[in-house]
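Reader: Can you walk me through some helix packing and charge pairing here?

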Amino acid sequence: MRLTILRRQIRPSAAMEIPNMSEFTWKKARKELASRRARALEHGGREKVAKQRSAGRGLARERLAMMVDPGSFTEIGTLATHQEFDTQGNALEPTPAPFITGLAKVDSRSVVVGADDFTVSGGHTMLLERHKGMFQGGFAEDLAHEYRIPLLECIENVGGGVGITQAKGYSMSPTSHSFGRCLDLLGEVPVLMAGMGACAGGAGSRLIMSHFSVMTRDTACAFGGGPPMVERSLGRKVDKFALGGAEIHTKISGIVDNVAQDEAHAIAQMKQVLGYLPQNVWEMPPYRETDDPIDRRDETLLKIVPENRRRAYDSHKLIDVIVDRGSFFEIGRDWGRSLVVGLCRFGGFPVGILANNPMHLGGALDSQASDKHTRFIEFMDTFHIPIVYLVDVPGFMVGEEAEQSGILRRGTRAIQAMAETTTPVITVQIRKSMGMAAMATSNPYGMNLRVVWPSAEFGDMPVEGAVMAVYRRAIEAAPDPEAYRKSVETQLLEASLPWKTAEAFGIEELIDPTETRELICRFIDAAQGRIKTLLGRKSRYGVRV
């Protein structure tokens, strides 16, 4: 059936006719207002609401109700409507707008919240330029920008489509669209996004155009083009979750930070991240009282990090011991797994923490981990949150796959991000600190702090690799090659230990592992004055999506 697309005037249905002002009374006006509000609360209608629920997905207002403090939501644009058409191009009954937005409180903090209403035309919003706008950059984003308050959104949106052309009567050039306001916000206020269903095209981009993103495991998916587009373009049928589900984007592509078991879990994660962040870049990160003593010394550290330098350990356990109890929130656990990053507190102050993970690739930074490092450093720098780096890195990953993945470019970008950060950096060298990758763990400019454990090792490369690279011919020529190799390794290991480096003031302090927490807490406390001087400043390149 051919679809006829015409420019037309849309006449409102009888149910939505504007009352005659010559017959105005307060009683009639209030009745009409109540009627229109009631219609808005019906979302896309009983049938579409039932379909949404049967798929295990909540309604837009239900999602917002889970997110905000009870009674705090002030909706804006409640009576805005959306026009749909039948296959003949005839106007159907107007429906409520496909996006719910307004002001609210989250844990007593003022925020802007929004949620796509998938029951109305799949949530696509480009017809309402002021209410939501092109590629979702409209009223909600403007409000967050002007009032300098965080933006939290739940995304479930099929993106653009021919329906927009049909409604407008002409085809819009994609070059007319702009992500400008969305990009502005990344350097101004916390932007937290949750994917709770299909996030296609521009909606998928909006999901990742954030400081923190999460998607529900069994209901969310994100892609530039969905299964119908793939089948039409490539002739392949693919399931939407195999194409862009949570397993793909939190483990393989890395475009989404975290996965959630359900919508409530996703919202809980957003609220937890918000708790570490300031209202905007012009305000201090929020301090929270703690009953965890800053001078707490835990001998468990000596058991977590083995005396045998060849044995791996779980850096998550190391983090949990030194931070304020229960304060660590990990970001991107399943991607770039040789590096652990997340938010935590030391003495009540928010801190971004990074730790090399010897349980994966021996802690070496591959391309994924390098990208993860870069984005997290920029995130912390944007909101002036101090950085603690627990170092045990043998270098950048080597081999054919590493080189083909662009490890040199991505690794160098990680070094650049650290060198350009303006927020205080405390580097704690646990074991290995080798090669160029070690340069990404500390900022050589400004009054930053480097402390080491007695187990630390320094060098251009791990001793074992250095011996084989430099002394290969001598080893092969020796009467007992194996004994000679071990002798050389022992000499170089002794030279790489931190004692002489500390004597030469090549590092700031050598400490007992159990002193780590107290030292970090004291320096983070002292650094608050420096952080105040940074408020409102942006990093040289800003946050990259």
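Author: What follows covers one helix pair and some salt bridges. This is a predicted model, where local features need pLDDT of at least 70, side-chain atom pairs count only at pLDDT 80 or more, and totals for chains, interfaces and linings use all residues. Residues are numbered from 1 along each chain as its sequence is written, and side-chain values use heavy atoms, without hydrogens and water.

Reader: At what angle do α3 and α11 pack?

Author: About 45 degrees, with the axes of α3 (residues 60-67) and α11 (residues 263-274) 9 Å apart. Axes are lines fitted to C-alpha atoms over the stretch in contact, and angles run from 0 to 180 degrees between N-to-C directions. Helices are DSSP runs of H or I, at least four residues.

Reader: Which residues make the contact?

Author: R63, M66 and M67 of α3 meet E263, A264, I267, M270 and K271 of α11, contact meaning heavy atoms within 4.5 Å.

Reader: Is there a salt bridge in there, and between which residues?

Author: E263 pairs with R63, with the closest N and O atoms 2.8 Å apart. A salt bridge is a side-chain nitrogen of Lys or Arg within 4 Å of a carboxyl oxygen of Asp or Glu. The two residues are 200 apart in sequence.

Reader: Is R63 buried or exposed?

Author: R63 is buried, at 0% relative accessibility; buried means under 20% relative accessible area, exposed over 50%, partly exposed in between (1.4 Å probe, protein chains only). E263 is buried as well, at 9%.

Reader: How many salt bridges in total?

Author: The count is 26. D292, R296, D324, R325 and R517 are linked in a network of them.
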